[in-house]
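Visitor: I should like to learn how to read a structure of this kind, feature by feature. Would you take me through one?

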Amino acid sequence: MPDIIQLLPDNIANQIAAGEVIQRPASAVKELLENAVDAGATDIRLIVQDAGKALIQVIDNGKGMTEIDARMCFERHATSKIKNIDDLFHIKTMGFRGEALASIAAVAQVELKTKKAEDTAGTYIEIENSQVKKQEPVAMEQGTSIAMKNLFFNVPARRNFLKSNPSELRHIIDEFIRVAMSFPEVFFSLNSNGQEVFHLERGTLKQRIVQILGNTYSSKLVSVQEKSDYMNIYGFVGKPETAKKTRGDQYFFVNNRFIKSAYLNHAMTNAFDEMIAKDSFAMYVLFIDLDPSQIDINVHPTKQEIKFEDEKIIYAFVQSAVKHALAQFSVSPTLDFELDATIQSLDAVNKPFTDENKSSASSSSLFKTFTQKNQAHFIENKSELKHWKDVYEPSKKEDYRQPATDDRSAGMPNAERLTPNANTFEPLHILPSAFSIEHSALLQLHNTYIVLQNDEGFLLVHQQNAHERVLYERFTTAVAGKPIATQRSLFPVTIELTPVDVLVLNELLSDLHFLGYQIEAFGKNTFVIQGTPADLEQGNEKTAIEKMLEQYKHFSNDLKYSKREKLLRSLAWQQAIKAGTAISQKEMKTLLEDLFACATPNITPNGKPVYTTFKKNELDKMFGR
Ligand code: ADP
Ligand code: MG
């Protein structure tokens, strides 16, 4: 029998390998743009025709190549960026595999022009099917121009596989944006079929974001910036009102590389949790810089996933940095984004929000840096902040519920503590503080809405949503160490539960204790209710517990929240006065006072609006006045 194994000819091997790197025009665009960035260019121009199917050209003013390098760069595994395996763990460049140009040369007709500053002439090379067709000196300025024509001309199956021009162009634009976004100090332009699609002057990141994502963000960006020994994060998040119904304007970069990470996305969703509606997506452009040895970028060349040494730290860090930033913005919406030193040292989010992150993160060394002095996150009670609190500290109130403890905000998560009365949806001048609840005659409509007027207009408050917010914050304060008073039952009630409910209730007992419930296990499936919150109607303790468990289990599918958080939300939801309930002047008044003493009065814990503002001048306009 003859031997049958043969080595593949180079050009076929190259074509096969190219398929890994260059799947569509956009992949080539990404590689060429990254090469230009790696070459230190400050001016990078991308030209495409027919969505890259006919032509993709990148012209840069980077360092260029020598005549020999110009030849070499098309060889597989030809790279100037790493020399040994150790270098892999210190990658600072976008490329390092030395595969892109070899791949492109295998599946397109390529024309390279390149010149180094110190050389008198540049080099022109034409290459096709991985074969050099022509090489000659050329007169040109410093830099490199690579044009690739007729992508997949020699691999018809792949060419046929390409999508319509609009769809391929969309991919190209996505890649273009990802590179352009992370290098605002570089000029970028994109020209498609003779039309300039992007023209991005050099500038700050903020300017670049607005150039790319549009003017709507121009005054709506909140700066995020935190440093630690382990990692730095910087960038911008959109104010809550810019949240959109579709994911889209969301960018994470790790060491300037665009990445997709469901995990980090989740951290962001959590950070925005209270501020935007559940089904909408916040805008963000965030850069994480960390020691390259902490990540593994040596994954598939076109994959945008990345492996972190320690994902939990990154999660906690991202989340707290963003919460910190949002809190600062809420404290003072007029502050500029160039944050000064006093702002940076304000009390802010110094720990993750939920119990789960808290315990996982607090064991990490990073978390310890949060709680140590001289760290960006370290908390000192700044006097600047005090008067904010005084202004919004609740006045003496009448009792429609349990009276508030004297320092109700003490146990609030820091992000919320920093946002006294912050109204994230309305301009500052219409803040509820301008409304004098004290002297207003309040009006209840449909047994559901409360109308509160002032000189500038009126607020329409949804009573159930309002009460849910009030209770939620009160409960949060309680479980953080300001327990709600308990009224001991004269005749302790026993309650028998299913085994599942027993497990659930046992998990919640200690938190429930802070919330005013004194419940003790009594035998296998039985509990004794010794006391209930002082403000809860006596006599129906049993139903209250049963309902609470039911609601809690309903929330249980939501893995996003910690046990405690679910408990607080269930209780707040369950105990809030319902829409359709008539309440007295006094009750309305107390409810509103409580509401506007909340850290986040404008939305319910689940993100529903609590009130809407009607401005008088706008009403006047509606009536032609
Ligand atoms: P990698 O970027 O992984 O090194 P490439 O195949 O993309 O591999 O490029 C090979 C080499 O060619 C690079 O290491 C670099 O030295 C050189 N090169 C590519 N593009 C440019 C450019 N625009 N300017 C200067 N040198 C370049
Ligand atoms: Mg490269």
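Guide: Let us begin with a single helix. The buried residues of H4 are Ala 100, Leu 101, Ala 102, Ser 103, Ile 104, Ala 105, Ala 106 and Val 107. Buried means under 20% relative accessible area, exposed over 50%, and partly exposed in between, with a 1.4 Å probe and protein chains only. Helices (H or I, at least four residues) and strands (E, at least two) are DSSP runs numbered from the N terminus. This is a predicted model, in which local features need pLDDT of at least 70 and side-chain atom pairs count only at pLDDT 80 or more, while totals for chains, interfaces and linings use all residues. Residues are numbered from 1 along each chain as its sequence is written, chains are lettered from A and ligands numbered from 1 in the order in which they are written, and side-chain values use heavy atoms, with hydrogens and water left out.

Visitor: What covers the buried residues of H4?

Guide: Contact is the notion required here: heavy atoms within 4.5 Å. The cover of H4 includes helix H1 (10-21), H2, strand S3 (109-115), S4 and strand S6 (143-149). Eight of the eight residues of H4 are buried.

Visitor: Which elements give two or more residues to the shell around ligand 1, and which residues come nearest?

Guide: A residue is near a molecule if one of its heavy atoms lies within 4 Å of it. Around ligand 1 there are 19 residues, of which Asn 35, Thr 79, Ser 80, Lys 81 and Gly 98 come nearest. For polar contacts, one looks for a pair of N or O atoms within 3.5 Å. An N or O atom in the Thr 79 side chain is 2.5 Å from an oxygen atom of ligand 1, and a polar side-chain atom of Lys 81 is 2.6 Å from an oxygen atom of the ligand. At Thr 144, a polar side-chain atom lies 3.3 Å from a nitrogen atom of ligand 1. The protein buries 93% of the 530 Å² that ligand 1 exposes when taken alone; accessible areas come from the Shrake-Rupley method with a 1.4 Å probe. Helix H2 (25-38) and helix H4 (100-107) are the elements that give two or more residues to this shell.

Visitor: How should one read a nonpolar core?

Guide: In soluble globular proteins, nonpolar side chains tend to be buried together. A nonpolar core is a set of buried Ala, Val, Leu, Ile, Met, Phe, Trp, Tyr and Cys residues joined through side-chain atoms within 4.5 Å. The largest one here has 64 residues, and Leu 46, Phe 188 and Val 285 touch the most other members. It draws at least three residues from each of domain 1 (10-200) and domain 2 (205-328), bounds that come from an automatic or database domain assignment. Apart from this core lies another, of 32 residues, among them Val 237, Ile 288, Val 318 and Ala 321.

Visitor: Is Gly 235 buried or exposed, and which residues is it in contact with?

Guide: Gly 235 is found in strand S10 (residues 231-238) and counts as buried because its relative accessibility is 4%. Leaving aside neighbours within four places in sequence, Gly 235 is in contact with Leu 205, Val 222, Ser 223, Val 224, Val 285 and Leu 286.

Visitor: Where does Asn 129 lie?

Guide: Asn 129 lies in the loop between strand S4 (122-128) and strand S5 (131-138). Its phi is near 55°, a positive value in a residue other than glycine.

How values were computed. A polar contact is a pair of N or O atoms within 3.5 Å; within protein, one must be able to donate a hydrogen and the other to accept it, and residues adjacent in sequence count only if both atoms are side-chain atoms.
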